[in-house]
Amino acid sequence: MNMAKNLHFHFKKIYKLHIGKIYRFIYIKVNSQQIAEDLTSEVFLRFWKALQKENPSKIENPKAFLYKTARNLIIDHYRTYSQKKEIPIEEVKEIKDTSQSLETQESLSSDLEIVQKAIRQLKEEYQDVVLWYYLDNLSVQEIAEILGKSENAVRVMIHRAMEKLRELLKEV
Amino acid sequence: MDEKEIIAKLQLLNQIKPRQEWVRNTRKNILGPQDRWVDFSGVFMIMRQPIFAVGTVTMILLLVLAWFGLLNKPQQDSLELVISEIASDNFYDYNYYLEKASQTLAKVESVPQKNEKLVEETKQALKKAVEKLPSRPKNPQESAKIVEKVKEIEEKLTTLAPEDEELIDATKELKEKTKEMIETEIYRIRVEAELAMLENRTLTEEQQALLEEAKKDYNNQDYLSALEKILQLTNQ
C-alpha cells in the first residue's frame with residue numbers, strides 16, 4: 001500500500017514538473033494540438049508503466065526518460081504518416097508549411113509562428129538540441145545522455161544548429 | 001541577428017502551454033480513480049458569489065482598521081514595532097540599513113543602559129543590509145561605497161563591542177556577502193573583457209561552441225562558469 005502511495009507521489013511530482021515542457025516540445029515538432037496531446041499522454045503513460053515495473057530509483061533520470069520517449073514517439077508518428085499517407089486535411093497544410101521557404105511566409109502574423117516555422121526547418125537533431133538547451137534548459141551533459149553522444153559532439157551540434165537558425169531567421 | 005536576439009525569440013515558444021483541463025484529465029486517466037486532483041478553482045468561484053464577496057471585503061476592512069488602531073496605541077509597543085518594520089521593509093535599501101547599523105553601533109557604548117536594545121537593533125539592521133545588498137552594484141563607485149561602509153562597521157565593532165558574538169557573526173556575514181558581491185563583479189568584468197577579445201579571434205568549431213556556452217552562462221549571470229569555459233577554450 002505504501003509502495004503504491006510512493007509511486008503515485010513520485011509520478012505526480014514528475015508529471016507536474018515536466019508535463020508543460022514535454023507537451024511544448026512535442027507541439028513545436030508536430031504542430032497540432034490534438035497530436036501533441038495524444039503523444040504527450042502516451043509519454044507519461046509509458047513513464048507510469050515503467051515506474052510500476054521498475055523501482056522508481058532505477059529510473060535514474062526521469063527527465064531523460066521522458067524526452068527520449070517523446071523523441072521516439074515523434075519519430076514513430078512521422079514514420080506512420082509517411083507509410084499511411086493518409087493525413088487529415090488540416091495537418092497536410094501544417095506539414096506543407098514546414099517545407100516552405102520563410103520568404104513565402106509573409107502572411108505569418110506573429111513572431112511566435114515565425115520562430116516555430118524556422119525551428120521546424122532545422123533537421124531533427126538540431127531542433128532537439130536547440131529546444132532542449134535554450135528553451136528547456138537541459139545541460140549539455142543531459143542532452144548527451146538522451147542522444148547517446150559525447151558532450152563535445154553535443155556542443156558542436158548546438159553551435160551548428162544556432163548558425164542554421166540564425167540563417168533561417170535572417171531570411172525573414 | 002546576434003545570439004541574444006535568437007534566444008529571446010526562442011523564449012517566445014514559452015507561450016505554448018497545454019490546456020489545464022487536459023492536464024488534469026490526462027493525469028486522472030493514467031493514475032485511475034485513486035488519483036485526487038486538488039482543485040482550488042471551486043473556492044475562488046464561491047468567493048465570487050455576492051455574499052462571500054461582501055464578507056471578504058468586510059474582513060479586509062476590519063484588518064486594515066485593526067492595523068491602524070494598533071499602530072495608534074502606544075502600549076502595543078512590540079506589535080507596533082513588528083507591524084511598522086514589516087510595512088517599512090520594502091521602502092528602504094541596503095544603504096539605509098548599513099547606515100542604521102553603523103549609527104546604532106556607535107550608540108552601544110555611549111548609552112550603556114540601552115545596550116541590549118541597541119545591540120538587537122544593530123543586529124537586525126545588519127541582517128537587513130545582508131538581505132538587501134545588490135547582486136550587482138550599479139558602478140565601481142557604488143561597490144567602493146559599500147566596502148567602505150562595511151569596513152567602518154567592522155572598525156566600530158572592534159572598538160565598541162568586541163566581545164558580542166552575535167554582532168561579530170552578523171558583521172562577518174555582511175562582510176562575506178560583500179566579498180561575494182565584489183568577487184562576482186570582478187568575474188563579470190573579466191568575462192566581458194575576455195568575450196570582447198574572443199570576438200575577434202578565429203576559433204575552431206569546438207572553441208566556438210564553448211564560447212557560446214560561456215555567453216549563455218554570462219547571460220545567466222553565472223560568471224564563474226563562463227570564465228571556466230573561456231579558460232578551457234583558450235587552452236585548447
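**Exercise 1. A threonine in chain B**

In which helix of chain B does B:Thr104 lie? Work out its surroundings too.

*Solution.* Keep in mind that this is a predicted model.

Step 1: Find the element. B:Thr104 sits in helix H6 of chain B, which covers residues 94-110.

Step 2: Check the exposure. The relative accessible area of B:Thr104 is 4%. The cut-off for buried is under 20%, so B:Thr104 counts as buried.

Step 3: Look for polar partners. The B:Thr104 side chain reaches the backbone oxygen of B:Lys100 at 2.8 Å. There's also a side-chain to side-chain polar contact with B:Thr122, at 2.9 Å.

Step 4: Add the other contacts. Skip the neighbours within four places in sequence, and B:Thr104 is in contact with B:Leu118, B:Glu121 and B:Thr122. B:Thr122 therefore turns up both as a polar partner and in this contact list.

**Exercise 2. A valine in chain B**

Place B:Val130 in its helix, then decide: is B:Val130 buried or exposed?

*Solution.*

Step 1: B:Val130 belongs to helix H7 of chain B, residues 115-132.

Step 2: Its relative accessibility comes to 9%, so B:Val130 is buried.

Step 3: Now see what it touches. Leaving out residues up to four places away in sequence, B:Val130 touches B:Glu173, B:Leu174 and B:Lys177.

Step 4: Compare sequence and space. B:Val130 and B:Ala170 are 40 residues apart along the chain, while their C-alpha atoms are 8.8 Å apart.

**Exercise 3. Chain B as a whole**

Sum up the fold of chain B: how many helices and strands are there?

*Solution.*

Step 1: Count the elements. Chain B has 11 helices and zero strands.

Step 2: Ask how much is buried. Of the 236 residues in chain B, 32% are buried.

Step 3: Check the contact range. Take contacts in chain B between residues at least 6 apart in sequence: 60% of them join residues at least 24 apart.

Step 4: Turn to the surface. Chain B exposes about 15,600 Å², and 57% of that comes from carbon and sulfur atoms.

**Exercise 4. Salt bridges within helices**

Take three salt bridges and work out how their partners are spaced and how exposed they are.

*Solution.* The idea behind the exercise is that side chains of opposite charge can pair when their charged atoms come close. Over all chains the count is 27 salt bridges.

Step 1: Start in chain A. A:Arg79 and A:Asp76 form a salt bridge at 3.6 Å, N to O. The two are three residues apart in helix H3 (residues 62-84) of chain A, so about one helical turn separates them. Both ends are partly exposed: A:Arg79 has a relative accessibility of 47%, and A:Asp76 has 34%.

Step 2: Move to helix H9 of chain B. The closest N and O atoms of B:Arg188 and B:Glu192 are 2.8 Å apart. With their positions four residues apart in helix H9 (residues 165-199), B:Arg188 and B:Glu192 are about one helical turn apart. B:Arg188 is buried at 8%, whereas B:Glu192 is partly exposed at 30%.

Step 3: Stay in that helix for B:Glu194 and B:Arg190, whose closest N and O atoms are 3.2 Å apart. This pair is four residues apart in helix H9, about one turn. Here B:Glu194 is buried at 14%, and B:Arg190 is partly exposed at 39%.

Step 4: Finish with a network. Salt bridges with shared partners link A:Glu151, A:Arg155, B:Glu213, B:Asp217 and B:Lys229 into one network.

**Exercise 5. Where the chains meet**

Describe the interface: how many residues of chain A are in contact with chain B?

*Solution.*

Step 1: Count residues. 39 residues of chain A are in contact with 33 residues of chain B.

Step 2: Get the area. The two chains bury about 3,600 Å² between them, 66% of it on carbon and sulfur atoms. On the chain A side, A:Tyr15, A:Tyr134 and A:His159 lose the most area to chain B, together 17% of what that side buries.

Step 3: List the polar links. Four salt bridges cross the interface. A:Arg160 and B:Glu205 meet in a salt bridge at 2.7 Å, N to O. Polar contacts between the chains come to 11 residue pairs.

Step 4: Name the elements. On chain A, helices H1, H2, H5, H6 and H8 each give two or more residues to the side that touches chain B.

Step 5: Sort by type. That side of chain A divides into 22 nonpolar, nine polar and eight charged residues.

How values were computed. Residues numbered from 1 in each chain as written. Chains lettered and ligands numbered in written order. Predicted model: local features only at pLDDT ≥ 70, side-chain atom pairs only at ≥ 80, totals over all residues. Heavy atoms only, no water. Contact = heavy atoms within 4.5 Å. Buried area = accessible area lost by both parts, 1.4 Å probe. Salt bridge = Lys/Arg side-chain N within 4 Å of Asp/Glu carboxyl O. Polar contact = N/O pair within 3.5 Å; in protein donor to acceptor, adjacent residues only side chain to side chain. Nonpolar A, V, L, I, M, F, W, Y, C, P; charged D, E, K, R; others polar. Buried < 20%, exposed > 50% of the residue type's maximum accessible area, 1.4 Å probe, protein only. Areas by Shrake-Rupley, 256 points an atom, 1.4 Å probe, with all protein chains shown as cover.
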